Amino acid sequence: QVQLVESGGGLVQAGGSLRLSCAASGSIFSANIMGWYRQAPGKQRDLVATITGGGRTNYADSVKGRFTISRDNAKNTVYLQMNSLKPEDTAVYYCNYGLTVPPFSGSWGQGTQVTVSS
């Protein structure tokens, strides 16, 4: 089974930037939709951004214009560039993949913590 490993989280001040990476341990068919989710304490896990195999992207309204999702199919890696971070972006961020939206492979990685201080 393909494992997903998220990285790149950390503590940043409001207005700062972070770049998250999600590497798959095995080959993911390039036609898969890749997605980033986030889960804040006490809240449900929400889909933040998706990218199709052809590069079409979609974003939640809360991050539109600030976050950019991209992928490198040769490296089986998806990225999330996060700019103009806000305290409400604080959450554990997860990636996943699948053939439909919301993309889900059946399991989750460990996630990466993003904390934005005010």
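Two strands count as paired when DSSP finds at least two bridges between them. Keep that in mind as we walk through this predicted model, starting with one bridge: Ala23 has Thr77 in E8 as its bridge partner. Ala23 belongs to strand E3, residues 18-24, and 6 bridges tie E3 to E8, with the two strands running antiparallel. Another of the bridge partners across these strands is Leu80 in E8, which goes with Leu20.

Now look to the other side of the sheet order. E1 is joined to E3 by 4 bridges, and this pair is antiparallel too. Here Ser7 stands opposite Ser21 of E3. Put the pieces together and you get an open sheet of 4 strands, in the order E1-E3-E8-E7, with antiparallel pairing. The edges are strand E1 (4-7) and E7, each of which pairs on one side only. On average, neighbouring strands in this sheet are turned by 15° against each other, direction ignored. As a reminder, strands of a sheet pair through backbone hydrogen bonds, either parallel or antiparallel.

Stay with E3 for a moment and ask what its two faces look like. In a regular strand the side chains alternate between the two faces of the sheet. For E3, the covered face holds Leu18, Leu20, Cys22 and Ala24, while the uncovered one holds Arg19, Ser21 and Ala23. Arg19, from that uncovered face, lies over the face of Tyr79, at 4.0 Å from the ring centre.

Cys22, on the covered face, takes us to the disulfide. Searching the whole structure turns up 1 disulfide, and it joins Cys22 to Cys95, with 1.7 Å from S to S. The link spans distant parts of the chain: Cys22 is in strand E3 and Cys95 in strand E9 (residues 91-98), 73 residues apart. The torsion about the S-S bond of Cys22 and Cys95 is about 40°, so this disulfide is right-handed. Are its two ends buried or exposed? Cys22 counts as buried because its relative accessibility is 1%, and Cys95 is buried as well, at 0%.

Cys22 also turns up in the surroundings of Asn76. You'll find Asn76 in the loop between strand E7 (67-72) and strand E8 (77-82). Leaving out residues up to four places away in sequence, Asn76 touches Cys22, Ala23, Ala24, Gly26, Ser27 and Ile28. Its relative accessible area is 18%, so Asn76 is buried; the cut-off for that label is under 20%.

Next, the aromatic rings. A pair of aromatic rings is described by the distance of the centres and the angle of the planes. The count here comes to 3 aromatic pairs. In one of them, the rings of Tyr37 and Trp108 have centres 5.0 Å apart and planes at 90°, so the pair is edge-to-face. This pair also links distant parts of the chain: Tyr37 sits in strand E4 (residues 33-39) and Trp108 in the loop between E9 and strand E10 (112-117), 71 residues apart. Tyr37 counts as buried, at 6% relative accessibility, whereas Trp108 counts as partly exposed, at 35%.

Trp108 has a second edge-to-face arrangement, with Tyr94: 5.8 Å centre to centre and 70° between the planes. Tyr94 lies in strand E9 and Trp108 in the loop between E9 and E10, so the pair ties together parts that are 14 residues apart in sequence. Tyr94 is buried, with a relative accessible area of 11%. Add Phe104 and you have the whole group: Tyr37, Tyr94, Phe104 and Trp108 form one aromatic cluster. There's a charge to note here as well, since the charged end of Arg45 sits over the ring of Trp108, 4.2 Å from its centre.

Arg45 leads us to the last stop, Arg38. This arginine is found in strand E4, and it is buried, with a relative accessible area of 13%. Which residues does Arg38 touch? Setting aside those up to four places away in sequence, its contacts include Arg45, Asp46, Phe67, Glu88, Asp89 and Tyr93. For a sense of distance, Arg38 and Leu4 are 34 residues apart in sequence and 15 Å apart in space, going from C-alpha to C-alpha.

Conventions
Residues numbered from 1 in each chain as written. Predicted model: local features only at pLDDT ≥ 70, side-chain atom pairs only at ≥ 80, totals over all residues. Heavy atoms only, no water. Buried < 20%, exposed > 50% of the residue type's maximum accessible area, 1.4 Å probe, protein only. Contact = heavy atoms within 4.5 Å. Axes fitted to C-alpha atoms, helices over the stretch in contact; angles between N-to-C directions. Disulfide = S-S within 2.5 Å. Phe/Tyr/Trp six-rings, centres within 6.5 Å; stacked < 30°, edge-to-face > 60°. Lys NZ or Arg CZ within 6 Å of the ring centre and 35° of its normal.
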